[in-house]
Amino acid sequence: MPTAKSRTPDPKRKLNARMIWHFGPKGSAGSASMKHALGGKGANLAEMCRIGLPVPPGFTLGTDVCQRYYDAGAALPSDVVTAVRKAVRRLERETGKGFGNPARPLLVSVRSGAAISMPGMMDTVLNLGLNDAAMEGLAKQTGNRRFALDARRRFIQMFANVVEGLELARFESILASEQSAAGLESDSDLDEAALARVVDKYLKLFKRLAGRPFPDDPEEQLLRSIAAVFGSWNGNRAQEYRRIHKIEGLLGTAVNVQSMVFGNLGSTSGTGVCFTRDPSTGEDVFYGEFLMNAQGEDVVAGIRTPQDLAGLGEASPAAYKALQRVRRVLEKHYRDMQDIEFTIEDGTLYILQTRAGKRTARASVRIAVEMANKRLISRDEAVRRVAPEDLDRLLHPQFDPKAEREVIATGLPASPGAVCGTVVFTADEAKERAAEGQAVVLVRNETSPEDVGGMFAAEGILTATGGMTSHAAVVARGMGKCCVSGAGAVRIDDAAGVFRVGGVEVADGDTISLDGTSGEVMLGSVATMPADPGAEFETLLGWADRIRTMKVRANADTPADAKGARAFGAEGIGLCRTEHMFFGDARITAMRQMILAEDEPARRKALRTLLPYQRRDFAGIFKAMDGLPVTVRLLDPPLHEFLPHDEAGVKAVAAALGVKAAEVRDRAERLSEMNPMLGHRGCRLGITYPEIYEMQVRAIFEAACANKKKGLKPKPEVMIPLIGSVLEYTTLRDRLQAIAQAVVAKKGVRVPIVFGTMIEIPRAALQAEAIGAEASFFSFGTNDLTQLTFGFSRDDIGSFLPGYLEQKVLPADPFQTLDQSGVGELVTLATERGRSARPKLKVGICGEHGGDPQSIEFFQRTGLDYISCSPFRVPVARLAAAHAAQA
């Protein structure tokens, strides 16, 4: 037998007793709801059979079998082998063909299919079952020996690469040599004699590289191919894809064995990929590509540049009409945009796959809104359909149409966006340079699944071949990456590290720009402008706002930031960092005077210079956020951060302040700390130098009163940072509240006086009941809370975090996604204890986690009143908060 090993599965693991699920014209026991058991592809094949679509018969080995394969030491257990043999016998009866039968050979495809679509990440084998005798039988049966030879050479090539792991390029070079010798541009133009030579050379190369002849036994071919597809589940590219897309918790891949239908039988046969809507824009148009006299991999691999789907109406009118019906049926049935693979065999249409189509962020929003407006789905479902991260992509800049651009080539607009970056020619180089902070554009003839890591690292992708449904196009759209594919004028010389377009040569490291909307490739860096997310963007967010229960604020430090945040839908400011207001020539000079002062009178004098600047800033922010709350964090960082640390800077400050350089140097040295993050900062500054916070509170309320007199409705909230005890809070609160009350009384207007604190020290979380009895609000500073809970420095974690993530010591970067079991436990405890003392205590979060969808779901469960994030993340947070409320 065959080299496929047979072992008994682990008896302790409880897995589905049913291993094989058949599908075909008579229907299927499976359905679309069984994706976790059958994988997405198997479940959808079963479902299409149930609704009467033309699907070639076959069977699916469930995802449980993949787990059993690994439990048996990466081998097919004996009962699986037996079940496969029985399934093949049934398929033979259904098709009237036989495995290895030279008169009517049964040929099958072997394809992967996980519960979550991972396009191109796992392996496929086509035309399986061919040996010399079956090839001759196929030639006789079809009356087309050229076709049979072509099928044989394709099978040898795929089996050699997928099952034996032999280098694909060695086989492709044989094919390319035959094309070149005949002066042909496409392998579809090779004649029968040339293909016979290719097959002979393939078999000899296989034996030389593998050390054994190519297997003739169809059963061996099948069992080894099934094992190889299961094995590809843990291949590098599949693992990297799951890491990038955060896919976890799946048993493995299913394997679909399906009788072959042939798109390469001749001019009345063909193959293609189509989408029920435009996956780039979301427009309700039939979209896709096809090739006549070709097999499926020719389209998706970018080997040949396909034709627009509209041309199928002329090439095969009856098949196109049938395909249009399939489009209507599938979109109505699944209530979502579908990605369909089809083959036409001698004029007859067959559907090989359907799945929810990968789409751009813009398309995702438009499709959801339009389907809701047409009542295919509800508005609540439309909100659930759009991933919060998609909205972030919509806000990236586009090229300024007025900017000069030197267009050197035009390809297909495979995935929209506007990027500028330095050219790299390999995926590894893309990852290395991106890790160094460079923006790079990956340039390839065509991409393959092995390139997925480099594609993720790159800002954009440019390919010389391939179409709108090629690997590069589909993967880039899924990642939200800008991509231009099929730029035929681009000639890549990998050896020289350049690509050429006519007389223009672009080398590794040169800068180019890609317009994924127009398909243009430009020399140099082109100016960009803000993106237009489309009218549906605000519609969807309006629906989300009616669902969510948490408010969404923004972290903003200037009037301009506040205005922008409000435009994105922010319902206030959750964090206004006052330290950012002290920079600027005049301000920083006064700030440094205050720091260098040796006594309180001198400090107060310098602070009087800063007061009008602070007051003006606060007035502008309150105006921009009129009627909405603005939480102002009093000065937080240590004072030495405002002083220069290099000699040139020291001398410049000394000259500006009229003091000796030694004086500046001495003060900087006295203020320096071994661990500033745990040092003299936050409320500790306010207690040591109360005059600093007094000036800030005076500026806040003078600005609020001035705005109130103008008819505005300022709602300031004063936040005291970094407390660890209730006495730190009350000592400062009492002093500062008195100043606020005096300012408001003097101005003769009514302005709310609200004081609260930032919970960012674990002790404060533990003391939350006592603190909650005194404070009007809590705002969790989860950045520092994470640092102090883990004992990690967010500035230094990069030296070991990659290893932690790779070895799964941590599930995610805790500074991006909240650690729910540790830091989250403190958030929950502090919220509960604070509200036990003050039931109506307002609780929010203003760390970076306020814009992270996973963290937002946790904050919803914990009962927070609001989340706060950077202005550009506000739309993401609004949608994520709606998703959290729906959970």
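Arginine 242 lies over the face of tryptophan 233, sitting 3.8 Å from the ring centre. Keep in mind that this is a predicted model. Beyond that charge-over-ring contact, a search of the whole structure turns up 19 aromatic pairs. Here is a quick tour of some of them.

**Charges over rings**
- Besides arginine 242 over tryptophan 233, lysine 481 is placed over the face of phenylalanine 456, at 5.4 Å from the ring centre.

**The pair of phenylalanine 147 and phenylalanine 262**
- These two rings form one of the 19 aromatic pairs, and phenylalanine 147 meets phenylalanine 262 edge-to-face, with 4.9 Å centre to centre and 80° between the planes.
- The pair links distant parts of the chain, 115 residues apart: phenylalanine 147 belongs to helix α5 (residues 145-162), while phenylalanine 262 is in the loop between β8 (254-259) and β9 (270-275).
- Phenylalanine 147 is buried, at a relative accessible area of 1%, and phenylalanine 262 is buried too, at 6%.

**The pair of phenylalanine 568 and phenylalanine 872**
- Phenylalanine 568 and phenylalanine 872 make a tilted pair, 5.0 Å centre to centre with 55° between the planes.
- This pair also links distant parts of the chain, 304 residues apart: phenylalanine 568 is in the loop between α20 (559-567) and β28 (573-577), and phenylalanine 872 is in the loop between β34 (866-869) and α34 (874-886).
- Phenylalanine 568 counts as buried because its relative accessible area of 19% is under 20%, whereas phenylalanine 872 is partly exposed at 49%.

**An aromatic cluster**
- Four phenylalanines, Phe155, Phe159, Phe206 and Phe214, come together in one aromatic cluster.

Terms used. Residues are numbered from 1 along each chain as its sequence is written. This is a predicted model: local features need pLDDT of at least 70, side-chain atom pairs count only at pLDDT 80 or more; totals for chains, interfaces and linings use all residues. Side-chain values use heavy atoms; hydrogens and water are left out. Rings of Phe, Tyr and Trp (its six-membered ring) pair if their centres lie within 6.5 Å; planes under 30 degrees apart count as stacked, over 60 as edge-to-face and the rest as tilted. Helices (H or I, at least four residues) and strands (E, at least two) are DSSP runs, numbered from the N terminus. Buried means under 20% relative accessible area, exposed over 50%, partly exposed in between (1.4 Å probe, protein chains only). A charge sits over a ring if NZ of Lys or CZ of Arg is within 6 Å of the ring centre and within 35 degrees of the ring normal.
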